[in-house]
Every structure is written in structure tokens, then in C-alpha cells.
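Me: I would like to learn how to read a protein structure step by step, beginning with its overall make-up and ending with single residues. Could you take me through this one slowly?

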Amino acid sequence: MIRLAESVADNTLKPICNATTDAGTMKPLSRLSIPSWNPAVPFRFVSIIAFCCLLLDATPQAISNDKLSTEDLAFFETKIRPVLAEHCYSCHSSDADELGGKLKLDSLDAIRQGGQSGPLFDDDHSPSSLLLKAIRYEDLQMPPDEPLSETIVKDFTDWVQRGAPYPGNDHPKPTTVIKPTPQSNHWAFRSPQRPGSPNLHASPWPSGNIDGFVLAQLQKRGRSPSPVADSRSLIRRLSIDLIGLPPNYQDVLRFEQQHKQNPDHAMEQLVDRLLASPYFGQRWGRHWLDVARYAESNGNDGLGRNSTFPHAWRYRDYVIDAFNRDLPYDEFLIEQIAGDLLPAESDADRDRKLVATGFLALTAKPANAMNKNFAMDIVADQIDVVTRGVMGLSVACARCHDHKFDPISIDEYYALAGIFTSTQTMWGTGAHEKLTAPPTDLHVLKAAAKVPPPEGFAETVLVRESNTGKPKPVPKSKWPLGTPLAMGVRDKAATADCKIHVKGDVGKLGAVVPRGFPAVLQFATSSDVSIDEKQSGRLQLAHWLTRRDHPLTSRVMANRVWHHLFGQGLVQTNDEFGQTGQTPTHPALLDYLATRFVERGWSIKQLVREIVLSRTYQQSCQTSMTEPDPSLLSFHRRRRLDAESLRDAMLTASGDLDLTQADGSIIRHRDILMNLAGNLHQPSHRRSVFLCYLRQSPPPELSAFNLPDFSTSVAKRETQTLPDQALYLYNNPFVIQQSQSFAKSVLSQTTDSTARIKLIWQRSYQRNPTSDELAGAQSFLQTSQSELETSELVWQSLCQAVLISNEFRYID
Amino acid sequence: MRFSRRQLLQSTSCGFGSLALQALCRQQVLANQPALISDTASAAPPATKSQASQGSHPSATAKRVIFLCMSGGPAQLDTFDYKPQTGNKPHPGSVVNFAQHGESGMWVSDLLPETAKHVDKLCMLHGMHADTGIHAQSFLQLHTGERLRVRPSLGSWISYGLGSENENLPGFISLNTSKTSVYSSAFLPSIHNGTPIGVNGEDMSAATLANIASDHLPLAAKRQQLDFVQQLNRGHRTQRPIDDNLESVIQSMELGFRMQTSAPGLLDLSDETQATLDRYRVGQQAKSVGTCKDSDFGRQCLLARRFAEAGVRFIELNHGSWDQHKNHRRDLAANCAATDAPIAALLDDLQQRGLLEETLVIWGGEFGRPGLTPENKKNETGHNPAGFTFWFAGGGMKSGYVHGKTNTTGNKAVEGRVHFRDLHATILHAMGLPANELSYWYQGRDHRLTGPQGGKVAHELFA
């Protein structure tokens with residue numbers, strides 16, 4: 001783009017069309033083309049950008065130096081140039097660090113050309129010329145810091161009326177060489193290639209390709225891998241990683257036996273059992289729900305209003321089911337982005353695909369009231385969840401300006417935006433509160449059961465006028481009670497390309513950009529995708545994302561899987577694979593995993609299986625390194641149970657865990673502003689994934705352990721240790737109740753204190769206490785008696801101590 | 001000088017130790033700006049040019065901040081920025097009565113009679129301006145410098161830069177908070193996250209730190225229990241050498257335990273005299289009037305004083321909403337009445353205790369409002385980010401001083417213009433932190449509160 005502009009300035013490229021000066025009515029040059037990588041063309045997004053530039057070069061005839069009089073020249077040099085230099089050139093010249101609005105004011109050609117917002121001058125050089133409107137602060141408000149004085153504005157008005165005389169290129173301001181477009185040979189922008197076998201010194205250690213790549217790096221650094229972890233650690237690690245639940249003591253004993261006899265066979269059996277478990281989807285589905293910023297309420301709209309999403313849980317169940325069925329990841333993505341556009345085999349299949357599109361409708365919306373950017377705020381979230389969540393690429397910056405680091409232009413942002421502005425997003429009634437979000441339709445499901453509210457159900461929250469606070473009648477639903485509904489998206493009746501929003505503002509529209517995808521990604525094979533004019537382009541977007549040679553999609557997911565199994569990805573910036581992200585610690589391994597993932601039909605379970613059966617995964621957490629660097633993969637990283645697993649593990653130990661799947665959600669009949677409702681959460685013994693994830697009101701049993709707020713796609717959970725976590729462990733009613741249940745259950749099983757202590761250890765740590773621990777526990781029971789009235793309380797205190805100890809909360 | 005988390009943990013004895021050490025090393029800190037502590041969990045920053053910046057070493061004029069956040073956009077023309085009618089033609093301006101007060105003769109609206117008694121402590125900024133009239137965005141920009149993304153809040157930056165003064169309490173507390181993004185530490189280590197007490201709309205008298213207390217065990221039994229937990233933890237740790245996380249958990253369990261005894265006392269106002277409670281109007285706010293919600297602002301102000309005394313670095317109070325569109329006169333009066341006496345009591349107490357000098361008190365909201373034209377019957381205002389008012393008190397700022405002004409209709413700042421990023425720069429400067437150099441390496445670049453453009457410190461404001 002910049003090079004091209006320069007060419008224009010050098011007059012080496014003649015304008016090929018003198019189109020209308022109205023930048024808002026560009027005619028699309030081509031529907032959509034994905035340029036394949038061609039090293040001879042060092043700039044990107046060629047067709048669209050070139051076209052923009054040429055259009056903006058509207059060549060108003062009056063700006064010319066042909067007949068520049070001495071008087072005009074003097075006027076310019078004394079009244080105009082100094083102002084440009086002082087107030088404008090820092091952003092609008094060849095020397096600008098960051099060119100504002102693609103506008104340069106330091107040469108005749110550049111001034112002729114105008115910028116992103118269009119030509120600077122009307123054909124008749126009237127006072128309504130863009131330049132004058134901008135300095136009068138009517139439209140663009142330039143310069144941004146402070147308006148120019150009245151006198152200067154008058155000088156500029158005179159100057160424009162004179163025809164904006166500007167000295168030509170024969171006396172230009174000295175220009176420096178413009179920096180080339182950020183290089184696009186960034187590793188992550190090229191399709192992954194299956195790497196060759198690593199060069200290894202002979203070693204018996206590797207059991208497969210993964211180990212080979214890891215060992216090659218270790219050998220380069222003169223290090224060796226750690227020994228395999230003990231079998232109790234292995235089964236604990238695998239159970240938590242694969243199904244999010246600790247094993248029970250009997251399982252551990254059995255596995256220890258089998259592992260002793262035939263370690264590889266024992267591991268395979270265990271892994272296959274866990275992968276086939278229905279709890280696998282509950283664990284891995286939860287990981288995806290983080291990416292999808294899944295929540296059951298909108299979150300504060302900026303005005304304190306937070307409407308529930310009573311149907312969001314269907315998307316949660318869809319995701320869990322998809323992971324359990326091992327739905328190929330490409331299909332999984334296509335369904336979530338364009339499920340409504342896919343053929344369906346049955347009503348149930350159609351329902352499922354409609355529910356999948358909830359992915360695009362879970363946006364945390366700012367209030368609609370007084371927010372003219374409301375629609376584009378939703379589009380911004382959709383672009384973000386697709387680009388950052390699926391592609392590991394932030395494009396959000398380009399909403400307002402060309403991306404500073406990655407070669408993503410504002411044009412490309414609005415090329416994507418057109419896909420979503422052509423899409424109707426259906427979040428539902430928004431609690432009948434139009435100021436927070438205008439009500440929308442919802443998908444009506446055909447095969448799903450009708451579940452009306454239980455008899456006698458009455459909404460406890462008064463619907464109020466938002467400004468006066470007066471109660472108003474509950475609006476009648478447009479659907480019969482109990483109609484199965486789902487959030488989601490569908491194509492708008494009228495689809496259209498989107499205009500550039502200068503600085504992200506709907507009030508400052510620029511040129512129309514044909515819908516398309518970022519051109520920086522270089523595919524191994526080229527192909528043109530065309531978007532039917534009558535469609536939004538979501539289906540094409542989904543197909544483009546899931547191309548086998550897409551440089552990012554497979555890598556990003558393989559990396560996420562690795563992250564969940566090792567506590568950190570091969571690329572540590574999970575959602576940032578662009579030039580500001582970190583480079584992979586093991587590039588060949590990442591590409592191996594990515595290509596293998598695709599080859600094996602995008603199967604998540606196969607990918608997980610291969611990784612956990614590697615020697616790399618099975619290493620012990622012990623290391624001899626003094627400054628241990630987990631990214632070397634020479635040992636396994638010890639990890640803390642996340643919020644969900646900690647709660648589930650406590651329920652498992654106490655014996656209270658209810659493993660049945662939730663039937664909907666506690667808010668499925670409550671279409672309300674939850675900020676008026678007080679606490680909506682109810683005690684539950686079901687797995688954490690089935691708790692109600694309300695934005696700004698997280699489940700109280702989970703909130704202490706770095707639970708994200710789910711307002712945007714979550715890259716990874718924080719693992720920071722905070723003092724409020726200690727407070728949670730001491731005082732949270734859930735923890736106290738679990739230690740009570742735990743104690744009660746242990747006391748009912750045996751009267752012998754040693755046997756009780758053993759039971760507590762077995763159910764918490766899946767091992768027997770050491771003799772020191774046994775003595776320590778006995779002595780704790782003794783001393784506690786002095787402070788506590790009942791023996792139940794003493795045992796409860798012991799159970800709590802074990803549940804909150806590090807061994808319980810960390811997995812080796 | 002750069003410390004790794006590991007070094008910090010090894011050399012200190014509590015969860016806030018990193019901050020304590022950071023504070024101890026402050027001389028080095030300032031001489032070796034910025035991003036002092038590299039958290040191994042975040043992207044380790046390469047040594048960049050910004051590390052070597054030769055910033056000035058401003059000496060701090062304030063040790064802590066109390067931010068009286070007036071959410072919704074207070075109407076500057078009917079509170080502090082007096083715009084009487086000029087000329088023959090009626091124009092937008094002040095529609096309530098004003099009078100001059102104090103030795104400084106500063107104009108204050110009759111709606112704020114108690115604050116008016118303190119004008120000689122105030123440093124008035126009439127030239128504030130912001131980028132947008134959208135509440136959520138401007139509110140976020142006021143707190144984080146960014147309109148559209150979650151970035152570390154001002155309080156988090158200050159906690160990051162200076163650490164906590166009290167190892168038993170968090171460095172950043174946010175009272176009656178709204179959304180988490182305004183007190184988030186974002187990419188800064190999460191120990192700098194604001195600790196919320198009371199969520200907007202919640203009854204503030206019941207608000208407390210989550211899980212701060214339980215009565216299932218007496219305190220002595222809890223201590224015995226923790227001793228046993230730590231015995232288990234140390235045993236566990238001994239078999240797993242070289243794991244800093246395990247060590248820091250052991251330490252933060254102790255801090256959490258101490259907070260159980262230090263924090264509830266601070267939140268419990270029963271040791272305050274009735275006279276004090278009355279001065280602050282604790283629990284005496286009238287029920288919500290229009291947009292003015294009952295925020296028990298008196299309790300917030302009194303808690304703020306107590307937290308300030310206890311050494312909390314950054315305390316934010318929230319009252320809203322000043323977004324009175326339709327019932328401008330009635331709702332504005334209610335908002336003023338709800339906050340006026342509590343703020344006056346806070347200023348009084350801080351001064352009496354010698355705390356005002358070292359505490360920077362800040363009053364303001366996300367933007368202002370355009371004025372009404374007096375003869376017009378209209379009673380509705382909108383949003384105006386182009387000119388509005390903030391004030392400072394204490395913290396080394398000039399007192400009885402007016403900086404900047406708006407035009408005759410009061411809707412545009414024309415002199416002494418201070419953008420939010422300049423406000424941030426000025427606050428950091430007052431805290432002794434180099435405004436445009438305090439930064440943190442994240443996702444491939446240094447981030448700072450004042451954004452890519454940087455902020456200008458308003459040096460004229462300092463006494």
C-alpha cells in the first residue's frame with residue numbers, strides 16, 4: 001500500500017481510472033480474491049488497496065502548480081506551510097511515525113490524492129471541502145489536540161478558495177525513504193509443512209515423533225529428559241488432564257499394578273478409557289467455552305444493566321457433545337460459524353447446527369442507548385472471537401487504524417466486517433430492555449423438547465422502566481411458553497459490503513470494501529473463493545478458516561491442546577501468533593502436530609492421545625535444573641487445579657459429586673436484568689461446567705481462582721497466587737460444607753482413628769499417609785480437641801486441612 | 001536492575017513481599033526504569049530501549065490516592081464551573097445559583113454547600129477533555145487510558161509501581177465498583193488487581209471482602225488448622241524442591257490469614273463515634289432519586305479514610321449515576337446532596353490527621369454535560385467530553401487554585417486543557433513515578449498508562 005502510494009507520487013504509475021470522487025460509492029473491482037503468495041509482489045491485499053488508492057486519486061484539476069503565481073507561492077509559504085509543518089506533518093507527512101488516515105500533506109501529489117476519508121477538496125473548492133470541515137471541527141476535528149485559531153482557519157479558507165495552490169514536486173519537502181510494509185514472511189503466516197525427522201544422537205528414549213523433536217532440542221543444549229513419573233502421579237495427571245476429575249484410590253492401585261507389568265499397555269488402556277468417558281467432553285468442552293467467551297448473561301452494558309441469556313446453555317451442551325463425539329475440529333468450526341447455512345439430515349441435526357451458531361451471539365454487548373457504534377461493537381466481538389480465538393491473530397486494532405505490528409489493514413478489517421454486518425445476530429429479548437439491546441428473534445428448535453416453566457413459576461424480578469424505576473408489566477413472549485429456543489445467527493435478507501469506519505466511528509464513513517479475508521496469510525495452494533452476493537460470506541469464511549493449508553487454524557488449536565496438557569503452549573501467547581506473539585519454542589514439533597492433526601481428520605482425541613502417550617508428557621516433575629525452564633520440556637510442569645477442577649475434586653473427595661448432566665440451566669426461564677435479581681446462583685453438587693457462568697456474577701465457588709470474566713475470548717487462565725484464594729479456602733461456605741460432608745462420610749465408615757486418617761488420605765491424595773503424616777494428623781486431632789466442642793468438628797477441621805493443602809490442589 | 005519473580009520470592013517472606021522489595025528498591029527503580037519486575041508467567045521482556053530511558057526522578061508529593069469517582073458525567077456548569085449569562089442573547093450556562101467561597105473566592109454551586117467550605121483546599125481543573133461521549137468507553141478511558149480494550153487500571157499501575165504500604169492489605173481497593181474492567185490489573189501481575197468491596201447496587205453496609213470470615217471454627221482452631229496445613233505443605237514441598245509456586249502459596253496462606261484479622265476491623269465502623277458517622281452521613285442517604293442511586297457514599301468516604309490510615313495505596317470510591325438526562329435539576333441536586341457532606345467530612349478528617357498533604361484526593365467523572373439555557377424550560381442534558389471539571393485536593397497540589405477554563409457556554413475547554421492521559425501523567429508524577437516511562441512489556445511491546453501518545457504532566461498544578 002505505502003509503496004504503491006509512493007509510486008503514485010513518483011508519477012511512475014498512471015491512474016488507471018478517474019472514478020467518482022465520492023469515496024463512499026466505490027465499485028467493487030472483484031468479488032473476492034485471495035492472492036496466493038508471490039514473492040515478487042511485496043505488498044499485500046493488492047487488488048483492494050490499489051483500487052482504493054487509485055479511486056482516492058480523484059485529481060481535482062484546480063490543485064496545480066502549473067500557474068503558481070508569486071503571490072500564491074508567498075501566501076502558501078508564509079501562511080499555510082508553517083501551519084502544516086507545525087500542526088499537521090507529525091502525522092501527515094512522509095516523516096510521520098504513523099501516517100494518520102493515510103493522508104500526506106507534504107507534496108502536491110499527496111495532497112491531490114487525499115486520504116482515507118476521501119479527497120480534501122470539493123470540485124469547486126467550496127467551504128464545505130473536507131479539509132476545511134476538519135479544521136473547523138465539524139467533522140474530523142483536526143488537528144486533534146486543539147483547534148486552530150480563527151485566523152488560521154480563515155487563511156486556509158482563503159487558500160482553498162484560491163484553488164489550494166501548492167508548489168509542485170520541483171520543490172518538494174525533502175522526503176525520506178518510506179519504511180516498507182511490515183515483512184510478511186512471518187513464520188505463522190505460511191502454511192505449516194510436515195517437518196522431516198529430527199537429527200538425533202542415538203537414544204532409546206523417544207517413543208515417537210513428538211519425543212524426537214523434543215529430544216533434538218534437549219541434545220542441542222546438552223540436556224537430557226527427566227525419568228518417567230511414578231504411576232500414581234501419571235494416573236492423577238491423566239485423569240485431571242483428560243476428564244477433569246481425580247481418579248479414585250482403587251483405580252490408582254489397579255493402574256500401579258498394570259503399569260508395573262507393562263507400562264505402555266497400561267498407559268494405552270488408561271488413556272483410551274479416559275478418552276471414551278463422557279467426562280472428557282465436560283473437561284475439554286470447558287476449555288473451548290473459554291475460547292468462545294461463553295456466558296449466560298450479557299455482562300454489564302456500561303450502564304449497570306446485565307441481561308440474562310436464558311438459552312445460552314444449549315451452546316454449552318452442544319460443545320460438550322461435540323468433544324465427546326470427537327466431531328472433527330474443522331466441522332466443529334464450520335458449524336459454529338455457519339451452521340445455519342449447512343444442510344441438515346434431520347430436525348435434531350438442524351437444531352444442533354443452529355445452536356452451534358450461538359458461538360457468534362454470545363457477545364458482551366455495550367448498551368445500545370446513545371451508542372451509535374452498537375452494531376459495530378457486536379461485529380468487533382465476532383471478528384475478535386474468530387480471529388483471536390480461532391486464528392490466534394488480533395485484528396481488533398485495525399478497527400480504527402492499520403494494525404501497527406501485523407500487516408492487517410483497516411480495509412481488511414472492514415472486509416471481514418462486511419461478513420458480519422450481513423449477518424443477523426440473535427441474542428433474544430435482552431430482558432425486554434431496549435436501552436441495553438434491541439430485542440431480536442431467536443432460532444426456534446424443532447426436535448428439542450418443549451420445557452415450560454414449572455407450575456407456579458413466577459419471575460421474582462420486577463421489570464422496571466429503566467429511567468423512572470417504576471414497575472412495568474412483564475412483556476409477553478412472542479413464543480408459546482416452553483418453546484425450545486437458541487441464540488445464534490443467520491444471514492440478513494439484504495447483505496452488503498461494509499464501509500470503512502474511520503477511527504472506528506460510524507459517523508466517519510470511508511470507502512466501501514468488498515468482503516474478504518486478510519491477505520497476509522499465504523496458503524500453500526491458491527484458490528479463489530467467491531461470495532454469492534445474496535449471502536453473508538460466513539460459510540466461505542468458515543471454509544477458508546478450515547482449509548487444510550490454513551497457516552493458523554491447525555497450529556493454534558494444536559497449541560491450545562498442548563497448553564492444556566503441559567500448562568504452557570509451544571507458542572506461549574496462545575491467542576497471538578502474529579508478529580507480536582512469541583515464536584514457538586519447538587517450531588518443528590508445532591508444525592508436526594498441526595499437520596498430523598489435519599491428516600488425521602482434525603480429530604482432537606487422536607491429537608490428545610498421541611501427545612499423552614509420548615515420553616515427553618510422561619516425564620516426572622522433578623528436575624535437576626536450578627532455574628527450571630519448563631519451555632525446554634525436560635521435565636513436566638507442576639500445575640494447580642483450575643477453579644473447576646478444584647471444586648470437582650473437593651466434591652469427589654467428600655463423596656457429594658453428582659455426575660449427572662445438568663438439565664438446562666437455573667436461568668432457563670428467567671429472561672431478566674440479573675443486576676436487579678440479587679444472587680441467582682444455587683448450591684449444586686453437579687460438575688462445575690454446569691454451574692451458571694453469569695458475567696459479573698461468577699459462580700461463587702469458582703470466582704477466587706482466577707476465573708476470567710468471559711467478556712472476550714479467553715487465551716488462558718491466570719494461575720497467579722492471591723491472598724483471596726487463601727480466604728476462599730478458609731472461609732467459603734462451599735469448602736466448609738465439603739469438609740463437613742467429607743468428615744461425616746469418613747466417620748460413618750469406621751470408628752478407628754488411624755483407619756479414618758487413612759481413608760481421608762486415600763480419598764484426597766489417592767495414597768496412604770506416611771508414618772510422619774499419620775503421627776502429625778493424630779497430634780493435630782489431639783490439640784484441636786482443646787479448641788473444638790465436638791469430635792465431628794475436629795474431623796471436619798482435619799478434612800478441610802487436607803482439602804486445602806497443596807498436594808490436593810496441585811498435580812505432579 | 002531487573003528482578004525475576006523467583007529472586008523476589010526467595011528473598012522475601014510474604015505474598016506482598018515482591019511489592020515491599022520493590023518499594024525498598026525504589027531508588028534503583030527510578031534510576032532504572034521501567035518494567036522492573038519481570039513476571040516469568042508473562043512474556044519476559046527483552047531489554048529494550050525504553051528500559052534505558054533517562055527519566056527525571058521526580059520526588060513524590062503524594063503517597064496514596066483517594067479517587068472519588070463520580071460516574072455518569074457530573075454537570076460541571078452546575079457544580080464548579082460557573083458560567084453566568086453574558087450579552088443579550090440567552091446561551092447555555094449555569095442554571096443553579098453560585099456563590100464565591102473561601103479566601104480564594106472560588107465559585108461553587110449552591111448545591112454543594114459543604115464542599116464549598118473547603119474550596120481553599122481544592123485545585124480545580126476546568127480544562128478537562130476526553131475523546132468520547134460514550135459512557136462505557138470514556139469510563140474505561142478514565143480508568144485505564146484505553147476506550148476499547150481491557151487494560152490495567154490507574155490503581156493497578158500505581159500498585160505495580162510502588163507496591164503496598166501495608167503487607168496485610170491489598171494495594172488497590174475499589175469500593176462500590178461497577179465492572180471488573182475498571183479495576184483490572186489486565187496484563188500486570190494480578191496481585192495488582194483492585195480488590196472490590198461492594199458491587200454497584202449492593203447494600204454497602206453489608207459489603208465486605210469475599211470470604212473474609214466464617215464462624216465454623218474459632219480463630220484459635222483456624223490457626224491450629226493452618227499450622228497443620230503448612231506442615232503438610234512443607235512436607236510436600238521438601239519432596240519437590242525448586243518450585244517457587246509452592247513456596248509462594250505457603251506464604252500467601254499466611255497473608256490471607258492475617259487479612260482475616262486486619263480487614264474486618266477496618267470495615268467495621270462500630271469504633272467510630274456517632275458524631276463522626278453523622279458528619280459522614282453514614283447510612284443516611286435518601287433512597288434513590290431518579291438516576292441518583294443510594295451508594296451510601298458516607299460509608300465509602302469513611303472507609304476510604306480508614307484504608308488510607310492503614311496504608312492502602314489506591315482507594316477508589318464510586319457514586320452514580322450523574323447521568324441525569326431528563327430530570328436535570330432534581331437528579332443533580334440529589335447527586336450533590338448524596339456526596340457533598342461525606343466528601344467534606346473526608347477532607348476535614350484527612351487534614352486533621354495530617355494525611356491530606358500526602359494523600360491525593362481526586363474528584364471527577366468520565367465527562368461533563370452541556371449547559372442548559374436558563375430561560376428555556378428544558379430540563380434535559382446530554383454528554384459533553386469536550387470540556388468538564390475535575391478537582392484535586394492534597395497530595396502536593398496547589399490549593400485554592402483554578403487551572404484552565406472553558407468557553408463562555410462552558411462546553412469546550414479552551415485553556416489549561418488536560419486530557420485523561422495528562423491527568424494520568426500528573427497523578428503518576430505526584431506519586432513519584434515517571435509518567436511516560438512506567439511501562440510493562442506485554443505482547444511484544446511496552447505498554448504504559450498514558451498510551452502511545454504519552455501524557456503531559458500538568459506541572460503548574462504542583463505547589
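Reply: Let us begin with what is being counted: helices (H or I, at least four residues) and strands (E, at least two) are DSSP runs, numbered from the N terminus. This is a predicted model, and in it chain A has 27 helices and eight strands, while chain B has 12 helices and 17 strands.

Me: How much of each chain is buried?

Reply: A residue is buried if 20 or more other C-beta atoms lie within 10 Å of its own. In chain A, which has 812 residues, buried residues make up 52%, and in chain B, with its 463 residues, 59% count as buried.

Me: Among contacts between residues at least 6 apart in the sequence of chain B, what share joins residues at least 24 apart?

Reply: In chain B that share is 71%, and in chain A residues 24 or more positions apart likewise account for 71% of the contacts with a separation of 6 or more.

Me: Where the two chains touch, how many residues does each one bring, and which helices of chain B take part?

Reply: Chain A gives 54 residues to the contact and chain B gives 52. On the chain B side, α5 (135–144), α7 (219–238) and α8 (244–267) each supply at least two residues, and the residues of that side divide into 23 nonpolar, 22 polar and seven charged.

Me: How should I describe two helices that pack together?

Reply: Two packed helices are described by the angle between their axes and the distance between the axes. Here, helix α10 (residues 297–310) and helix α11 (residues 328–352) of chain B pack at an angle of about 15°, and their axes are 8 Å apart. Since angles under 35 degrees count as roughly parallel, α10(B) and α11(B) are therefore roughly parallel to each other, and their crossing is right-handed.

Me: Which residues meet between α10(B) and α11(B)?

Reply: From α10(B) come F297(B), G298(B), C301(B), A304(B) and R305(B), and among the residues they meet in α11(B) are A338(B), P342(B), L346(B) and D349(B). Sorted by class, this contact has nine nonpolar, two polar and two charged residues.

Me: C292(B) is in the loop between α9 (274–280) and α10 of chain B; is this residue buried or exposed?

Reply: C292(B) counts as buried, because it has 28 C-beta neighbours inside 10 Å. Leaving aside neighbours within four places in sequence, C292(B) is in contact with D331(B), A334(B), N335(B) and A338(B).

Me: What would a contrasting case in chain A look like?

Reply: Consider K470(A), which lies in the loop between β2 (443–444) and β3 (485–486) of chain A. A residue is exposed if 12 or fewer other C-beta atoms lie within 10 Å of its own, and K470(A), with 9 such neighbours, therefore counts as exposed.

Me: Finally, how do I read a single helix, such as α24 of chain A?

Reply: An α-helix has 3.6 residues a turn, so residues three or four places apart point the same way. Helix α24 (residues 753–765) of chain A has 13 residues and reaches 18 Å from its first C-alpha to its last, close to the 18 Å expected. The buried residues of α24(A) include R756(A), I757(A), I760(A), W761(A) and S764(A), and what covers the buried residues of this helix includes α9 (249–261), α21 (643–654) and α23 (733–749) of chain A. After α24(A) comes Q766(A), whose phi is positive, near 55°.

Terms used: Residues are numbered from 1 along each chain as its sequence is written. Chains are lettered from A and ligands numbered from 1 in the order in which they are written. This is a predicted model: local features need pLDDT of at least 70, side-chain atom pairs count only at pLDDT 80 or more; totals for chains, interfaces and linings use all residues. Two residues are in contact if their C-beta atoms, placed from the backbone, lie within 7 Å. Ala, Val, Leu, Ile, Met, Phe, Trp, Tyr, Cys and Pro count as nonpolar, Asp, Glu, Lys and Arg as charged, and the others, Gly among them, as polar. Axes are lines fitted to C-alpha atoms, for helices over the stretch in contact, and angles run from 0 to 180 degrees between N-to-C directions. Angles under 35 degrees count as roughly parallel, over 145 as roughly antiparallel, 65 to 115 as roughly perpendicular and the rest as oblique. A crossing is left-handed if the near helix is turned anticlockwise from the far one by less than a right angle, and right-handed if clockwise. The expected span of a helix is 1.5 Å times one less than its number of residues.
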